[in-house]
Amino acid sequence: MQQYENLLVRVERGLMWLTINRPELRNALNKETLQDIEDAFSWAESTDEVKVIIVQGAGEKSFAAGADIKQLRERKMLDALIPGMQGLYKKIEQCSKVTIAAVTGYALGGGCELAMACDIRVVTKKAKFGLPELNLGIIPGAGGTQRLTRIVGKGRALDMILTGKIIDGEEAERIGLATYLAEEGKLEEEAESVANKVIEKGPVAVKLAKLAIHKGFDVDLETAMLIEKLSQAIAFGTEDKNEGTEAFLEKRKATFVNL
Ligand code: CO8
């Protein structure tokens, strides 16, 4: 597997760990780091070795403190129109593998938006989530205005974005921004345990369920139900469905084959 300058990558037992590795800069996301993340996701998409991807930040202080402000300062009006960070996060959301953000310390701006593009967020009390872009005279532009609103509701999203307030892991869990609150020192363990629950499931069903939820969320209910039905039709045609149902009836653990 490729080595990256700003990203540590390891793959073990179906799980790919991506660690953003610029701790002295609070894991700020410069364009080189974003490219590393994009490459790692492309590789993960191409192999059955990876079933779940966990994204985390190096060190205790930060998951990711957002876009690199030095690079941001140089951006001109039309630069905002390229796919950039928003395009990458869309790719992450649409990745057929399940994604988990393991967050302690700062998840600000583009860091918070990265965590929100993941399917599940496991956090510690020390996590600090916020979208402080308005302090810089810009708006959250990597999906933040839309994903935060969809995750926590319009009122809370308006409050967080307009005031730039930063909330800790407990509050994030209370309002549904975080999915699991891990005990101190147990972030990786908790994230891995969540990942393993997904890894045990039928891989095709996992992909179809993720697709139906994400694709169905932003269309009308009738279309969303059709997406669900067609996804189920594919699931009904798989070996994994035969294995899953037979294993239940034979009172044994299913061995799925990803087919
Ligand atoms: N970019 C660049 N450098 C950063 C960033 C950043 N986002 N965050 C921290 N750093 C650097 C600091 O400049 C400092 O560098 P140096 O040691 O060379 O002076 C080093 O990291 C350590 O930072 P601090 O001394 O400030 O550390 P603290 O622990 O005191 O504070 C904070 C940590 C609270 C994270 C603070 O650094 C901070 O507020 N950072 C900025 C957070 C922020 O505003 N993030 C949003 C950025 S904008 C964004 O993400 C937009 C995304 C959408 C773009 C879409 C484009 C189309």
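This is a short selection-by-selection tour of a predicted model, starting at one strand and ending at two pockets.

**Stop 1: strand S5.** Select residues 98–103. That's S5, and six of its six residues are buried. Try colouring its two faces separately: Val98, Ile100 and Ala102 sit on one side, Thr99, Ala101 and Val103 on the other, and both faces are covered.

**Stop 2: the neighbours of S5.** Add residues 52–57, strand S3, which runs parallel to S5 and is joined to it by four bridges. Zoom in on valine 52 and you'll find it opposite valine 98. Now add strand S7, residues 120–123; this one also runs parallel to S5, again with four bridges. Here isoleucine 100 faces isoleucine 120.

**Stop 3: the largest pocket.** Select Ala67, Leu72, Arg75, Met85 and Ile138, the residues nearest its centre out of a lining of 37. Elements giving two or more residues to that lining are helices H1 (31–45), H2 (69–73), H3 (84–94) and H4 (110–117). There's about 990 Å³ of space in there, and the lining splits into 19 nonpolar, 10 polar and eight charged residues.

**Stop 4: the second largest pocket.** This one holds about 770 Å³. To centre on it, pick Glu93, Cys118, Asp119, Ile213 and His214, the closest to its centre among 26 lining residues. H3 and S7 turn up again here, each giving two or more residues, as do helices H5 (144–152), H8 (187–199) and H9 (203–217). H9 gives the most, with seven. By type, the lining has 10 nonpolar, five polar and 11 charged residues.

Before you leave, colour by domain: domain 1 (7–199) and domain 2 (203–249) each supply at least three residues to this second lining.

Key:
Residues numbered from 1 in each chain as written. Predicted model: local features only at pLDDT ≥ 70, side-chain atom pairs only at ≥ 80, totals over all residues. Heavy atoms only, no water. Buried < 20%, exposed > 50% of the residue type's maximum accessible area, 1.4 Å probe, protein only. Pairing = 2+ DSSP bridges. 1 Å grid on protein atoms, 1.4 Å probe; cavity = no way out; pocket = protein on both sides within 12 Å on 5 of 7 lines; lining within 4 Å. Points joined across faces, edges and corners; volume = space filled by probe spheres on them. Nonpolar A, V, L, I, M, F, W, Y, C, P; charged D, E, K, R; others polar. Domains from an automatic or database assignment.
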